[in-house]
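Subject: Handing over a structure, with notes

Dear colleague,

I am passing a structure on to you, and I would be grateful if you looked through it alongside the notes further down.

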Amino acid sequence: MNMLTYLNCMLLICAMAGNYISYRLFNERIYLYNALTDLLGLFTVLAVGEAGRIHGETNSILLFYLISPTVFTAWISASAINRVEFVDDEFKNSRVRIIISIATIVAILFLFTALLLANIPIIFAVAFSIAAKNLLIIIAARRNWSEKNISAKIYFGFLLAVYLSIFSIFLPVFGKAFIENIPHAICTLISLESLIFYICLIYKKSINLTDQVHRDPLTGCLNRVGWRKTTDELMLKKNKSAIALIDLDEFKNINDSHGHLVGDKVLVEVSKRIRSSLSTNDLVARIGGDEFFLFMSEDSSQESIASRIATVLHSLRKPFKFGEKSFSITASIGVTCTPKDGSNLADLMRKADVAMYSVKKNGKCGYAYFANISHHQASPS
């Protein structure tokens, strides 16, 4: 084993140990899966590194054409699944995992076969397969490519920097000498990717832990602290916006009649329906009990706000079914607008509360603007 292979093995062992310690600390399976993936990466580095070192010798045939492709195929399939789940929070479907895993393995095997039949060294097949795996990750994670997913961008930035440096610097400059050392370059790429991925995973975990301070543990909406912090920041950037307070009508009767467990399930479903009725840039916060605040900044014209509020009311009137229990819910909503009703968040929340209670006094199940306390009944189902 040469020095470079030894260093790559040490990097993978460090990443593997870090993942296992994180698994014991956080009890999240992704760290355990990643530790096992790093173990496969360690076997791959040993096999590919040794295959490159002894290539041409008689005893290298088994290692070069059987063991290296086998362990590499296992590593690239496992790492593809782990990386996709990391960069795409919605990647939770086990069927999708199986499909991607099978597709990755089949693609690699076909690639190996084609390259071997064409008498191209298998090390090049390994290099191309790593590129194909990362392309698969980018395609599968396209839905979550947003400025909020900073850790995924760091990971992709590392991969991009590596590939650009290989194809634009090392390959043209070193030429044949670089090609002869491709096995070591591949091993280095595997070990560095594993270590960077673990660092990004921990960074994402730290962001999630910070985010939990600002989230309601039941519904996942912003809590009072997160609401004030996020809304204050957005109000500085937006000239026009609207704040709405939603209070569920007669929610206490649900808790009294069906129990708090059913009441909690209703609140979770209510939060989902509210979020699905709004645009992705609107905020939803649960500040306690059965009260939700909305912050609407995109297209805050009165017509657009009225349309979104009506959609929320309509979605809440659809029956809630939990086992054999089925019931409907209505809501009273108070709306304030900036800058017409002011620019101070606390004052706007108070005015939204006043508007909401005016709806309660006028029969509930509707919405009102603070500016005119003009009650608009929700249209019947």
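The notes below cover confidence, then two helices, then the cores, and finally some backbone details.

This is a predicted model, in which local features need pLDDT of at least 70 and side-chain atom pairs count only at pLDDT 80 or more, while totals for chains, interfaces and linings use all residues. Residues are numbered from 1 along each chain as its sequence is written, and side-chain values use heavy atoms, with hydrogens and water left out.

Confidence is given as pLDDT, the predictor's confidence in each residue, from 0 to 100. The protein averages a pLDDT of 76, and 67% of the residues score at least 70. Among the helices and strands (DSSP runs numbered from the N terminus, helices being H or I with at least four residues and strands E with at least two), confidence in the protein is highest in β3, at 93, and lowest in strand β8 (residues 374-377), at a mean of 46. Over residues 374-381 the pLDDT stays under 50, and the model has 23 contacts for them beyond four places in sequence, a contact meaning heavy atoms within 4.5 Å. Where pLDDT is low, the predicted coordinates should not be read in detail.

Helix α1 (residues 3-26) has 24 residues and reaches 34 Å from its first C-alpha to its last, close to the 34 Å expected, where the expected span is 1.5 Å times one less than the number of residues. Its buried residues (under 20% relative accessible area, with exposed meaning over 50% and partly exposed in between, for a 1.4 Å probe and protein chains only) include C9, L12 and M16. Helix α13 (residues 345-361), with 17 residues, reaches 25 Å, close to the 24 Å expected, and among its buried residues are L348, M356 and K360. At the start of α13, a side-chain oxygen of N344 comes to within 3.1 Å of the backbone nitrogen of A346.

The largest nonpolar core (a set of buried Ala, Val, Leu, Ile, Met, Phe, Trp, Tyr and Cys residues joined through side-chain atoms within 4.5 Å) has 32 residues, and those touching the most other members include I246, L248 and V270. Several elements each supply at least two residues of this core, including β1 (241-248), α11 (260-277) and β6 (331-338), while the largest share, 6 residues, comes from α12. A second, separate core of 16 residues includes L222, L283, I287 and F295.

In strand β1 you will also find D247, which counts as buried because its relative accessibility is 10%. The side chain of D247 makes a polar contact with the side chain of K360 (2.6 Å); such a contact is a pair of N or O atoms within 3.5 Å, where within protein one must be able to donate a hydrogen and the other to accept it, and residues adjacent in sequence count only if both atoms are side-chain atoms.

Which backbone angles might you look at last? Most residues other than glycine have a negative phi, and most peptide bonds are trans. N27, however, has a positive phi of about 55° although it is not a glycine, and N27 is exposed, with a relative accessible area of 59%. K364, in the loop between α13 and β7, has a positive phi of about 65° and is partly exposed at 25%. A cis peptide bond joins T338 and P339, with omega about 0°.

With best wishes
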